[in-house]
Amino acid sequence: MEKNTKQDKNSMPNSHLHELLVDEMKDMLNAERQLLKGLMKLSKASQNEDLRAAFEKHHEETETHIEKLKEAFEHLQIPARGKKCKAMEGLIKEAEEIESDFEGSEASDAALISAAQKIEHYEIASYGCMATYAELMQHDEVAQILREILDQEKMTDELLTDIAKKSANKGELVM
Ligand SMILES: [Fe+2]
């Protein structure tokens with residue numbers, strides 16, 4: 001009897017972890033869709049050519065992230081439906097605010113980079129967690145897809161830091 005109870009307890013986290021994975025995938029599917037519009041605005045507001053190119057590149061990557069997420073849903077045989085990501089909504093709102101507050105100033109690109117890096121860090125945390133959950137549940141293809149997206153988010157974050165160091169932060173400030 002006690003053994004059964006233990007087995008039940010052991011099987012619980014997996015089903016809950018599965019729900020958590022799916023919930024976060026829905027969150028990110030919506031987040032990526034919101035980000036498509038957000039990146040267009042960031043790109044338009046950029047003064048620096050490298051920065052504009054980085055936002056445009058990440059816009060293209062974001063389109064592929066949406067497709068990759070849909071593939072991950074397919075692997076789990078779950079309809080690819082998003083769920084409003086309030087965090088991304090807030091991050092984009094803040095990006096718009098900081099953009100208008102620093103518009104025309106020498107720190108305008110630095111402000112855009114800061115906002116974009118906050119977005120990337122949210123994505124890195126999300127994809128990192130989701131990839132780990134998928135690995136723990138042996139959803140290997142899903143884990144692989146999520147890791148691929150995670151790598152691109154990390155590369156974008158590093159690229160933004162490089163641009164900030166090279167040009168956006170006048171006076172050689174280090175981020
Ligand atoms: Fe993404």
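**Close-up views of the predicted model**

E89 is partly exposed, with a relative accessible area of 32% (buried means under 20% relative accessible area, exposed over 50% and partly exposed in between, with a 1.4 Å probe and protein chains only). The model is predicted: local features need pLDDT of at least 70, side-chain atom pairs count only at pLDDT 80 or more, and totals for chains, interfaces and linings use all residues. Residues are numbered from 1 along each chain as its sequence is written, and side-chain values use heavy atoms, with hydrogens and water left out.

**View 1. K84 and E89 form a salt bridge.** The closest N and O atoms of this pair are 3.0 Å apart (a salt bridge is a side-chain nitrogen of Lys or Arg within 4 Å of a carboxyl oxygen of Asp or Glu). K84 is exposed, at a relative accessible area of 52%. By this rule the count comes to 7 salt bridges.

**View 2. Helix α2 holds the salt bridge between E61 and K57.** The N to O distance is 3.4 Å. The two residues are 4 apart, about one turn of the helix (helices are DSSP runs of H or I with at least four residues, strands are runs of E with at least two, and both are numbered from the N terminus). E61 counts as buried because its relative accessibility is 12%, whereas K57, at 46%, counts as partly exposed.

**View 3. E67 and K70 form a salt bridge, also within helix α2.** Their closest N and O atoms lie 3.5 Å apart, and the residues are 3 apart in sequence, about one turn of the helix. Both E67, with a relative accessible area of 44%, and K70, at 30%, count as partly exposed.

**View 4. The iron ion is held by donors from E32, H65 and E153.** The protein donors are two OE atoms of E32, ND1 of H65 and OE of E153, at 1.9 to 2.6 Å (donors are N, O and S atoms within 2.8 Å of the metal, or 3.2 Å for Na, K and Ca; water is not among the atoms, so sites may look incomplete). The 4 donor atoms subtend angles of 53 to 142°, so the arrangement is irregular (four donors are tetrahedral if all angles lie between 85 and 135 degrees; four are square planar and six octahedral if opposite donors are over 155 degrees apart and all others between 65 and 115; anything else is irregular). E32 lies in helix α1 (residues 2-45) and E153 in helix α5 (residues 140-168), so the pair ties together parts 121 residues apart in sequence.
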